[in-house]
Amino acid sequence: MPPRRPATGHFPTITEVLRLPVLAEGMPRVLAGESQLDRAVRWVHVTELLNPADFLEGGELVLTTGMPYPEDPSELRGYVDQLADVGAAGLIVELGYRYRKVPDELVAACRTREVPLVELARGVRFIDVTQTVHALILDAQGALLRRGRDIQDIFTALTLRGADPEELVHTTAELTGAPVVLEDLTHRVLMCELLGRPYEPVVSAWSRRSRAAPTLEKIAPSGPEGWLIAPVQDHHGPWGRLVLLEGRLNAEPDPEHVLVLEHAAVALSMARLAGPAWWERRAHRSVLRDLYERRFRSPADARARAEALGLPTLGHRLFAVVIRHTHTGTGEHLDERIAKAMAQSGIRALVGETAPGRIGVLLALAQASAWQPVAERIGRLCHEELGPDAVVAVGPGVTDLSGIARSWQEAEQTAEAITSASPDRWFYVPADVQLPELLGVLRDDIRLQRYAERQLTRLIEHDDRNGGDLLPALRAYLTAAGNKSVAAKRAGMSRQAYYQRLHTIERLLGCDLESGIQCTSLHVAVLVLDARGAATPGT
């Protein structure tokens, strides 16, 4: 008995069967269907009947001597049509009994229907062929059963410990070695694992390509690219699809891949049934973070991933919006409300919590659309949900997604700079960051702290020893831009008392309050002190 093919859980292909010594002795030669030699052989069937389809189920490699073949070419074509229609893997004809040469009509018919046709120049024992190949098939089926139990155990363990959908998708890709995409019913790519491949060639024009690949009754190559697709369910029925980009067009799918996809789709369905699943927000959050942190390997990759999630990029102006809040446990609820509000207004946007206390919104607006009303609507929603402490900051608009990281950083810096002392607005832009806001951002810089300490320590220590009010008097003077009458009124003092305070300040600090540069220096020090909210500089 010749050595057997290792049991891997895969049925042998026609190419592998032809390489077996038991068939190699017959000097096999392929006459048609060369592109289909990777078809799986699920059984070997020996027959001399003219109507073999009644005894076939699909996937059989038919062995014949050609003894019953008719002379009429139309009947030969009918014979091949039967094999093709039932899904036979291929046809092997042994020469010598009926033919010394395979009829040209039979070759032409097999080429037309892409049925692999092989001639054997020498005779072989068909019983040896069937025994050898069937042994391989049984080994493969046994290995596939064992592998199926292993795959089931893997996904059962993931389900029991509540694995998130990203891990389930990643595991599917790892087990199959092929890219995997999880999409919703509108053909938006919510999650994908590409195993290091670039996004652009895999998910580019995804919606159009996905619509061309229908969900079949059983997992089999679908659409022009030969994808394997399994439906994912939730409480309301079909929710989305798990797509394996195997690319085995017009070929039998890898049975192990089918098993992995089936178990993964069940695990994802159970994850959705287990409780509320904010999968869309998770997908938005992932893309937003990748854009902000410049994790995409190329601008083309970034555009492909954003567009696959439903965000148009070309022909639109893109705006980065950062929402700063201090409330805990409200991020998911608020970003869902914002996303629904944008969708109801026909505005395309990615919305997700990007960090604790931060919600990101990436807006895609038509070139002629005004962005301010959209930003104001977001601001109103945030104030309704979070109160007046919420800060909405909008970065500069860009026309190319490659510039959104810079816009995002400016929006983040603006949101960080706004304080309770800033003017009340529904949203802020970088131009709203004035000196007080800028110093607020830099308040932890040790150089600024030392500067404020050098400028104001004598004044503050004097107030501490004497219970004085020199620092408030100086603050009022600087805020009033040197107008002593206005400053005295703000400080709640008579002019005479207030003037005495100013003379004392000049004496303690050794400064001239009539000097513009010295007043500017003192004003910066006071603003640094106020930004830190400390009793003394440097604390």
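The following paragraphs describe a five-stranded sheet, the helices packed on it, and the surroundings of one arginine. The model is predicted, so local features require pLDDT of at least 70 and side-chain atom pairs count only at pLDDT 80 or more, whereas totals for chains, interfaces and linings use all residues. Residues are numbered from 1 along each chain as its sequence is written, and side-chain values use heavy atoms, without hydrogens or water.

The sheet is open, and its five strands follow the order 1-5-4-3-2 with mixed pairing. Strands (E, at least two residues) and helices (H or I, at least four) are DSSP runs numbered from the N terminus; two strands pair if DSSP finds at least two bridges between them. Strand 1 (28–32) and strand 2 (43–46) each have a single partner strand and stand at the edges, so one side of each lacks a neighbour in the sheet. From one strand to the next, the twist averages 25°.

Four bridges join strand 1 to strand 5 (residues 117–120) in the antiparallel sense; P28 has L120 in strand 5 as its bridge partner. Helix 4 (residues 104–113) packs on the sheet, touching strand 1, strand 4 (90–94) and strand 5, where contact means heavy atoms within 4.5 Å. The direction of helix 4 makes about 65° with that of strand 1; axes are lines fitted to C-alpha atoms, for helices over the stretch in contact, and angles run from 0 to 180 degrees between N-to-C directions. Helix 5 (residues 126–160) also packs on the sheet, touching strand 2, strand 3 (60–64) and strand 4, and its direction makes about 160° with that of strand 2.

R475 lies in helix 17 (residues 470–479). Leaving aside residues up to four places away in sequence, R475 touches V526 and D530.
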